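Here's a quick briefing for anyone opening this one for the first time. Have a look at the chains below, and then we'll go through them topic by topic.

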Number of protein chains: 2
Amino acid sequence: MSEDLQSLMQNTGQRARQAQRRALALEPGRKNDALRQMAAFLRRDADDLQRANRKDLRNAEQAGRDEAFIDRLRLDEKRIEAMAQGLEEIAALPDPVGEITDLKMRPSGIQVGHMRMPLGVIAMIYESRPNVTADAAGLCVKSGNAVILRGGSESLNSNMAIAERLRAALGKSGLPLDLVQYVHTADREAVGALIRMDTFVDVVIPRGGKGLLARIRDEATVPVIMHLDGNCHVYVDQDADRQKALQVVVNAKTQRLGTCNTAESLLIHRDRVGDLLLPIASALQERGIEIRACPEALPLIPGAVAATDEDYSTEYLAAILSLKIVDSLDAAIEHINTYSSQHTESIITENYSHARRFLREVDSSSVMVNASTRFADGFEYGLGAEIGISTNRLHVRGPVGLEGLTLQKWIVLGDGHIRS
Amino acid sequence: MSEDLQSLMQNTGQRARQAQRRALALEPGRKNDALRQMAAFLRRDADDLQRANRKDLRNAEQAGRDEAFIDRLRLDEKRIEAMAQGLEEIAALPDPVGEITDLKMRPSGIQVGHMRMPLGVIAMIYESRPNVTADAAGLCVKSGNAVILRGGSESLNSNMAIAERLRAALGKSGLPLDLVQYVHTADREAVGALIRMDTFVDVVIPRGGKGLLARIRDEATVPVIMHLDGNCHVYVDQDADRQKALQVVVNAKTQRLGTCNTAESLLIHRDRVGDLLLPIASALQERGIEIRACPEALPLIPGAVAATDEDYSTEYLAAILSLKIVDSLDAAIEHINTYSSQHTESIITENYSHARRFLREVDSSSVMVNASTRFADGFEYGLGAEIGISTNRLHVRGPVGLEGLTLQKWIVLGDGHIRS
């Protein structure tokens with residue numbers, strides 16, 4: 001890494017740390033004013049934002065990017081309004097910082113409890129959609145953190161234009177500008193510096209393709225809130241309700257194909273092969289889903305193809321579903337804990353004990369009974385907003401909202417108490 | 001690293017993972033039986049444990065270790081009984097696993113909440129005191145985790161003898177033996193393998209000297225619950241009660257010198273220099289504490305020496321205290337957030353607003369009002385047991401008990417609900 005880049009990133013980190021320290025004392029009202037000001041500035045400068053965005057769109061076209069890519073990149077009036085509304089919604093959420101819980105009197109006479117605090121400095125590294133710039137900045141400011149944003153080069157002009165308005169809004173509200181910083185340099189090594197800058201960065205949140213995530217997992221020394229694959233399962237139990245099984249499987253697989261909470265694998269109990277295998281398979285095939293089946297199910301489903309072991313580990317993000325007949329609840333849990341990416345799994349059953357065991361013994365971020373995996377989402381869970389879906393085991397697991405961007409410290413209230 | 005060692009560690013990790021999966025289904029009563037059985041086996045085999053320990057003591061003597069070192073290493077009957085009682089106390093604690101909280105009805109009709117689960121496989125890497133072998137294993141088994149133990153070579157014989165009894169107790173109780181494994185090899189590279197074995201190890205908990213911690217911080221790819229320095233502060237505010245200030249400062253500095261929650265630095269408001277500086281300094285000096293003072297305080301305290309900037313960053317773990325006069329609460333908070341190791345800080349004040357601001361704006365694991373920093377401890381906080389004191393920002397901060405060894409996953413209860 002060049003010395004210039006190193007010192008640029010150090011400087012960015014230092015300024016973020018200073019801004020974050022100053023933000024520890026901020027009242028909720030002042031942060032909310034700033035968030036509403038951000039929304040106002042994005043609306044006011046919508047034309048400038050679109051002008052900046054057009055540069056990115058032109059570059060993408062010249063680089064021969066496909067229509068889906070270009071669509072994700074596009075900032076039209078509707079999307080700018082959605083960003084502004086998102087910021088206003090974040091302003092309206094309860095402030096997580098300073099919340100005191102579990103303040104209990106101890107035998108020694110001291111009172112001990114928790115107080116919720118910002119994590120500190122967050123490095124947000126993302127690709128493609130420019131709205132992430134506003135969403136992430138809004139969530140970080142609301143939770144009292146400073147954020148260093150680093151978007152993909154494909155949306156550099158859009159991101160810079162958005163970040164500039166966010167900073168102007170912070171300034172107008174009297175908050176430290178450096179609560180939001182955007183890394184302008186196109187040098188890929190800037191990411192390398194961010195994810196190893198332990199002194200100034202407290203956590204890295206990456207959102208993007210598998211390449212970006214793998215690089216960050218391998219190279220980061222700063223803790224990462226990781227968002228890995230969603231190889232989600234639905235298990236149709238022996239005691240499943242027929243109609244619920246049908247509708248949940250179809251919804252979990254087909255409501256949207258490319259999301260991480262889409263079901264990629266179906267397990268079905270042997271006793272329900274007779275009445276449920278074909279109806280489910282046909283309903284999926286009618287919606288264009290290819291079925292990759294285990295050797296036992298294969299001859300029973302016209303048009304199915306044989307599943308390999310690799311299929312069971314695969315997040316397709318496509319119109320494909322792997323399918324396996326299992327002998328028991330135990331076999332289903334065993335299969336899931338072996339092949340799943342620990343994102344989201346659902347059991348369809350009317351059996352109380354099976355539901356209770358599945359909830360307890362499946363070791364994934366979200367475990368469901370009689371509900372579509374598509375519900376695994378910060379808004380559906382009531383977080384009010386979402387910065388990603390964590391597949392970490394430590395700190396935060398599943399959808400990450402404002403609370404996931406905070407920590408709990410201990411507070412102790414005494415009256416001259418000493419330890420004996 | 002040799003291939004043999006690599007495959008030995010892989011095998012250890014694989015067996016831990018399998019045992020941990022099986023433990024997801026364990027009822028609290030069965031884990032508690034096993035913990036009480038562990039205690040019984042340690043008591044029954046106390047003679048064998050002491051025999052093994054004598055080998056370690058002889059080696060330490062031959063290596064010319066000092067008396068303090070040898071004392072820490074010693075396993076006498078009283079210490080073996082304390083280990084056994086510790087395990088019984090862990091058995092008596094509430095089981096954290098399976099706890100369901102915040103189960104709320106959402107507008108869509110699904111119910112969403114949290115369920116507490118084991119972290120998974122924990123690698124515990126520690127030095128010196130053999131009782132950690134039993135303490136750590138007990139806490140990990142209680143919280144449903146598998147643990148891979150790796151103690152220092154100085155206590156290898158003692159640790160192996162303890163671990164053998166713990167495993168025998170697991171076997172007798174019908175639990176997977178591999179919930180507790182001890183790494184027998186003296187090869188230092190075994191630690192290197194453990195802290196990079198992301199597939200099989202979910203978290204590393206080191207306890208030991210700065211050398212061990214620095215190595216793990218630099219080399220680990222597995223998340224670490226870090227236990228770094230305790231450079232703890234007491235700030236005597238403008239509105240401090242005189243008697244409380246005296247007793248808390250003396251207790252925080254002198255009750256024990258070598259613990260991480262001992263105060264290492266005293267800040268005193270300029271307005272209290274007149275009536276409090278000398279009484280506090282004399283009380284400390286009478287107890288053998290050397291005072292390293294700022295230029296302003298230096299001429300006012302007979303026998304004090306000049307503090308350097310490095311003093312303010314130092315965890316002495318010795319009979320030394322750094323001291324600085326500050327102009328305001330703001331200056332005190334600024335100094336602490338700059339120099340502290342974010343372990344534990346206390347303000348002495350009768351001023352409501354100053355107390356409130358200090359609690360909020362000091363960015364440390366434990367923040368106190370009118371209480372000795374020595375209270376920062378899992379037992380004093382009511383955790384029932386403690387595996388260490390975390391200086392992490394993510395996951396768990398401050399004293400780590402059973403809850404710190406667990407995660408919260410999401411659970412969703414529906415009735416055939418699908419997303420529209």
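Let's begin with Asp102(A), which sits in strand β1 of chain A, a strand covering residues 100-105. This is a predicted model, and in it the phi of Asp102(A) comes out near 55°, a positive value in a residue that isn't glycine. As background, most residues other than glycine have a negative phi. Chain B has its own case: Asp102(B) also has a phi near 55°, again positive and again not a glycine, and its place is in strand β1 of chain B.

**The sheet that starts at β1(A)**

- Strand β1(A) belongs to an open sheet of 10 strands, and the order is β1(A)-β2(A)-β16(A)-β13(B)-β12(B)-β7(B)-β8(B)-β11(B)-β9(B)-β10(B), with mixed pairing.
- The edges are β1 of chain A and β10 (305-306) of chain B; each has a single partner strand, so one side of each has no neighbour in the sheet.
- Where do the chains join up here? Strand β16 of chain A (residues 406-417) runs parallel to β13(B), and 5 bridges connect them.
- For a spot to find on screen, try Ile411(A), whose bridge partner in β13(B) is Val367(B).

**The sheet that ends at β1(B)**

- Another open sheet of 10 strands reads β10(A)-β9(A)-β11(A)-β8(A)-β7(A)-β12(A)-β13(A)-β16(B)-β2(B)-β1(B), and its pairing is mixed too.
- At its edges stand β10 (305-306) of chain A and β1 (100-105) of chain B, each with a single partner strand, so one side of each is left without a neighbour in the sheet.
- Strand β13 of chain A (residues 366-371) pairs with β16(B) in the parallel sense, over 5 bridges.
- In that pairing, Ser366(A) stands opposite Trp410(B) of β16(B).
- On its own chain, β13(A) also pairs in the parallel sense with β12 of chain A (residues 344-348), this time over 4 bridges.
- Ile347(A) is the residue standing opposite Val369(A) in β13(A).

**How the two copies are arranged**

- Turn chain B by 180°, with 0.0 Å of shift along the axis, and it superposes on chain A with an RMSD of 0.0 Å.
- The two copies are therefore related as by a two-fold rotation axis.
- Which C-alpha of chain B is nearest the axis? That of His395(B), at 1.8 Å from it.

**Where the chains touch**

- The contact takes 70 residues from chain B and 70 residues from chain A.
- Of the interface residues of chain B, 100% are also interface residues in chain A, so the copies meet through the same surface.
- About 6100 Å² is buried between chain B and chain A, and carbon and sulfur atoms give 54% of that.
- On the chain B side, Arg360(B), Trp410(B) and Arg419(B) lose the most area to chain A, together 16% of what that side buries.

**What holds hands across the interface**

- How many salt bridges are there between chain B and chain A? The count is 8.
- In one salt bridge, the side chains of Asp377(B) and Arg419(A) meet at 4.0 Å, N to O.
- Polar contacts across the interface come to 51 residue pairs, counting pairs with both residues at pLDDT 80 or more.
- Several elements of chain B give two or more residues to the side touching chain A, among them α1 (3-23), β2 (111-118), α10 (242-254) and α14 (352-361).
- The biggest giver on that side is β16(B), with 11 residues.
- Sorted by class, the side of chain B that touches chain A has 32 nonpolar, 23 polar and 15 charged residues.

Technical notes. Residues numbered from 1 in each chain as written. Chains lettered and ligands numbered in written order. Heavy atoms only, no water. Least-squares fit on C-alpha atoms with pLDDT ≥ 70 in both. Contact = heavy atoms within 4.5 Å. Buried area = accessible area lost by both parts, 1.4 Å probe. Polar contact = N/O pair within 3.5 Å; in protein donor to acceptor, adjacent residues only side chain to side chain. Nonpolar A, V, L, I, M, F, W, Y, C, P; charged D, E, K, R; others polar. Pairing = 2+ DSSP bridges.
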